[in-house]
Amino acid sequence: MDMKTVTNASAAWWALAAHYEKIKDVHLRTLFSEDPGRAQRFSADGAGLFLDYSKNRITDETLRLLFALAESRGVTARRDAMFRGEKINNTERRAVLHVALRAPRDARIEVDGTNVVPDVHEVLDRMAGFAEQIRGGSWTGHTGKRIKTIVNIGIGGSYLGPEMAYRALRPYSDRGMSFRFVANVDGADFSEAVQGLDAAETLFIVSSKTFTTLETMTNAATARRWVVERLGTDAAVARHFVAVSTNEAGVRDFGIDTVNMFGFWDWVGGRYSMDGAIGLSTMVAIGPEHFRDMLAGFHAMDEHFRTAPAERNLPMLLGLLTVWYNNFFGAQTLGVMPYAAHLGRFPAYLQQLQMESNGKHVDLQGRPIGYQTGPVIWGEPGTDGQHSFYQLIHQGTKLIPCDLIGFLQPLSPIASQHDLLMANLFAQAEALAFGKTAREVAAGGVPEWQVPFRVFEGNRPTNLILADRLDPHTLGALVALYEHSVFTQGAIWDIDSFDQWGVELGKALALRIVPELDSRQDAALAHDSSTNALIDRYRRASQARGN
């Protein structure tokens, strides 16, 4: 990176920059050959997760300097302020207390002098009671039929969290029920979600804090019409819809009994809310007991992050390593590759968590930043990605650090395939780190002219995260691991990781454009020439199809 562009850099930052110049060309082959105890020393565990970070381009000195950077940036002080309920979301003057959503009943976490934990557990208890009614069949639809399908309507964290968690924990779910998820305002998303469903056996969970979110309420209105048309009365709405919201009047006007409204608080951002009321569909799917196991996993990682020293602190280590590659090596992306089919939506979930949190261009004082902040997060489950984009990671010109995630015990009874899956996980980490030299390639009898094409440079860094099995407790710990890694990064970059003003402008412009798309409109357009032309083209297409 061009260090001349970095503003408000501390001495620790400059020390890391100087260290980077010394270490940037050192190969992992060298680091391992010169340090036989490296794998044992550069590993840590907490909350049921094991992290092997030895295959990173770091030395003991690198870690010492990264910890000094964290200290100079006040990471632990900011962490402690978060746990105390201080209003560290600067631009919205709010506390940041997703950790309260999974705190035990006897905990005390205050916001403005009030312990919020009892309120959290009141909502969790109401969720549990409702989930048991659905799962046990005592809650029936308008015609008296048992509910067999839950459709979760939300967007952002109200969608990505519940969908990811359901897919991850499907082996623990009630197999007699089906769960579907609607987020996209494209009508095709809703149409596909309700394809083949019986309205009399379907319950919609509408998740919107304000009950005004455009995409969510558009889909909710469509769902309401779908139910009423099929069951013949507005009275059916009360038995086929529940709400996760704080807008009691809006929920009531929609036709939902406010007894079936589950609330949350402004000190929890949407992308941090899957372990609260937003997780209602998850609780219905896996049951209250498993849901509380998941909360226990979250809390275990919270306590690990809060109390473990930096050199053993998994979220802090992940966060600092992300800073190391992002800001000193110039790596602009981070690959997350879970070697577990059930975690197929985990990278998408982390995209919002990371990029909505740390995609910021000014610091806490509102000053423009002269350095890179949040990296692009992407990934797919292994082994799928190995036959797709791993080519670029192995032999391309871009440095792409990767987190590889695996589980020692299979969820499937086909155990022999789990051996193959894990062999691929370990092999990819090894291949990315050490590669294959021209001499090694030639020794295998490869024609000389083909050798350059089959060389693997290696020196591609990975973190390897292992757990015993993918269960509710582990999922909670894994999500919290990344939540606190994101926190660590944001504290280093001196940004507000808990607002998301960047989502507003496009939404506001869309509301302005919606009426302009009416083909009967002939008022002059006042956008740029490109947008005007696109709107005109859409109008003409609407006229052609008779709209």
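The following paragraphs lead through a predicted model, taking in turn a sheet, two helix pairs, two pockets and two local backbone features.

A suitable starting point is the open sheet, in which 5 strands follow the order 6-5-7-8-9 with parallel pairing. Strand 6 (178-182) and strand 9 (261-262) occupy the edges of this sheet; each has a single partner strand, so one side of each is left without a neighbour in the sheet. Within the sheet, strand 5 (residues 149-153) pairs with strand 7 (residues 202-207) in the parallel sense, over 5 bridges. One position in this pairing can be located by residue: Asn-152 has Ile-205 of strand 7 as its bridge partner. Helix 9 packs on the sheet and touches strand 5, strand 6, strand 7 and strand 8 (241-244). The direction of helix 9 makes about 160° with that of strand 7.

Helix 9 also leads to the largest pocket, since the residues 214-231 that form this helix supply at least two residues of the pocket lining. Helix 7 (157-168), helix 15 (346-358) and helix 20 (504-513) likewise each supply at least two. The volume of the largest pocket is about 970 Å³. Its lining comprises 38 residues, and those nearest the centre are Thr-213, Gly-270, Gln-500, Glu-504 and Lys-507. By class, the lining of the largest pocket contains 14 nonpolar, 15 polar and 9 charged residues.

The second largest pocket holds about 400 Å³ of space. It is lined by 18 residues, with Ala-340, Ala-341, Ser-412, His-418 and Leu-421 the closest to its centre. Helix 17 (residues 415-434) gives the most to this lining, contributing 3 residues. The lining of the second largest pocket divides into 10 nonpolar residues, 7 polar residues and 1 charged residue.

Attention now turns to the packing of helices. Helix 1 (residues 11-23) packs with helix 14 (residues 314-329) at an angle of about 75°, and their axes are 11 Å apart. Angles of 65 to 115 degrees count as roughly perpendicular, and helix 1 and helix 14 are therefore roughly perpendicular to each other. On the side of helix 1, the contact is made by Trp-13, Leu-16, Ala-17, His-19, Tyr-20 and Ile-23. Helix 14 contributes Trp-324, Asn-327, Phe-328 and Phe-329. The residues of this contact comprise 8 nonpolar and 2 polar, with no charged residues.

A second pair is formed by helix 6 (residues 117-136) and helix 13 (residues 288-307), which pack at an angle of about 145° with their axes 10 Å apart. From helix 6, the residues His-121, Leu-124, Asp-125, Met-127, Ala-128, Ala-131 and Glu-132 meet Pro-288, Phe-291, Arg-292 and Leu-295 of helix 13. In this contact, 7 residues are nonpolar, 1 is polar and 3 are charged.

Two features of the backbone complete the description. The peptide bond from Gly-382 to Thr-383 is cis, with omega near 15°. Thr-383 is placed in the loop between strand 11 (376-378) and helix 16 (390-395). The other feature concerns Asp-112, which has a positive phi of about 55° although it is not a glycine. Asp-112 lies in the loop between strand 3 (110-111) and strand 4 (114-115).

Notes:
Residues are numbered from 1 along each chain as its sequence is written. This is a predicted model: local features need pLDDT of at least 70, side-chain atom pairs count only at pLDDT 80 or more; totals for chains, interfaces and linings use all residues. Side-chain values use heavy atoms; hydrogens and water are left out. Axes are lines fitted to C-alpha atoms, for helices over the stretch in contact, and angles run from 0 to 180 degrees between N-to-C directions. Helices (H or I, at least four residues) and strands (E, at least two) are DSSP runs, numbered from the N terminus. Angles under 35 degrees count as roughly parallel, over 145 as roughly antiparallel, 65 to 115 as roughly perpendicular and the rest as oblique. Contact means heavy atoms within 4.5 Å. Ala, Val, Leu, Ile, Met, Phe, Trp, Tyr, Cys and Pro count as nonpolar, Asp, Glu, Lys and Arg as charged, and the others, Gly among them, as polar. On a 1 Å grid over the protein atoms alone, a cavity is a set of points where a 1.4 Å probe fits but cannot get out, and a pocket is an open set with protein on both sides within 12 Å along at least five of seven lines; lining residues have an atom within 4 Å of a point. Grid points are joined across faces, edges and corners, and a volume is the space filled by probe spheres set on the points. Two strands pair if DSSP finds at least two bridges between them.
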